[in-house]
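Trainee: Before we discuss any detail, could you show me the sequence and the model, so that we can work through the internal space and the helix packing together?

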Amino acid sequence: MAETLRGRAAEIVDAALELLEADGPAALSMRRVADRVGIRAPSIYEHLADKRALESAIISRGFELQAAAFERAVAGAGDPLAALASAYRAFAAAHPHLYRLMTAHELDRAALADGVERRAAAPVVAAAGHDGDLARAIWAFAHGMTILELDRRFPPGADLDAAWDRGLAAFRRA
């Protein structure tokens, strides 16, 4: 597992995340990131091995943001599952490019900052009664609903709130 980045490396990741959020994945060129930080593109490689390392660092930051959102959502929530579903949906809507980067391809867990994925998953696992299989099923449902919503794949007028409620009700019965 990779360690949490500090200093210039963290600054590079912050700049890359800003570019990703503003302009999408095409904006993640080393040259554009370097320009944003005020350095020459080759200097990035002193801090991050390559573009894949940069993307892994961005994904790690995404898990940190997601974990914080999940932890806030369940704090004092009467229905942790509903609170997590709402937070998950809101996170993806607020960070669609980051969400896609985090979920679209195989995850190189060895390149992530230590514990970030586990921290983001912990509230979901707890809401699933510490049943890992149920937690994975809940995540698969949430991801499917979320990506279909982001891609506008549901028919016009579909009541997505009702679909979320029905799906969550099925998991509560489990």
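Mentor: Let us begin with a term: a cavity is a set of grid points where a 1.4 Å probe fits but cannot get out, and its volume is the space filled by probe spheres set on those points. Please keep in mind throughout that this is a predicted model.

Trainee: How much space lies in the largest cavity?

Mentor: A search of the whole structure, with a threshold of 30 Å³ or more, finds one cavity. The space in this largest cavity is about 100 Å³.

Trainee: Which element gives the most residues to the lining of the largest cavity?

Mentor: The lining is made up of F70, L81, L84, A85, Y88, V124, I138, W139, A142, W164 and L168. Two or more of the lining residues come from each of helix 5 (80-94), helix 8 (132-150) and helix 9 (160-173). The element that gives the most, with four residues, is helix 5.

Trainee: How do the residues of that lining divide into nonpolar, polar and charged?

Mentor: The lining includes aromatic side chains such as F70, W139 and W164 alongside L81, L84 and L168, and Tyr counts as nonpolar in this classification, as do Phe and Trp. The division is therefore eleven nonpolar, no polar and no charged.

Trainee: Turning to the packing, how are helix 1 and helix 2 oriented to each other?

Mentor: Helix 1 (residues 7-23) and helix 2 (residues 30-37) pack with their axes 9 Å apart and at an angle of about 115°. Because angles of 65 to 115 degrees count as roughly perpendicular, the orientation of helix 1 to helix 2 is roughly perpendicular.

Trainee: What classes of residue make up the contact of helix 1 with helix 2?

Mentor: Helix 1 passes helix 2 in a right-handed crossing. From helix 1 the contact draws on R8, E11, I12, A15, A16, E18, L19 and D23, and from helix 2 on R32, V33, R36 and V37. By class, these residues are six nonpolar, no polar and six charged.

Trainee: Why are helix 6 and helix 8 described as oblique?

Mentor: The axes of helix 6 (residues 96-103) and helix 8 come within 12 Å and cross at roughly 135°. Since angles over 145 degrees count as roughly antiparallel and 65 to 115 as roughly perpendicular, with the rest outside the parallel range being oblique, the description of helix 6 and helix 8 is therefore oblique.

Trainee: Which residues of helix 8 meet helix 6?

Mentor: The crossing of these two helices, helix 6 and helix 8, is left-handed. On the helix 6 side the contact is made by P96, Y99, R100 and T103, and on the helix 8 side by H143, T146, I147 and L150.

Terms used. Residues numbered from 1 in each chain as written. Predicted model: local features only at pLDDT ≥ 70, side-chain atom pairs only at ≥ 80, totals over all residues. Heavy atoms only, no water. 1 Å grid on protein atoms, 1.4 Å probe; cavity = no way out; pocket = protein on both sides within 12 Å on 5 of 7 lines; lining within 4 Å. Axes fitted to C-alpha atoms, helices over the stretch in contact; angles between N-to-C directions. Parallel < 35°, antiparallel > 145°, perpendicular 65-115°, else oblique. Left-handed = near helix turned anticlockwise from the far one by under 90°. Contact = heavy atoms within 4.5 Å.
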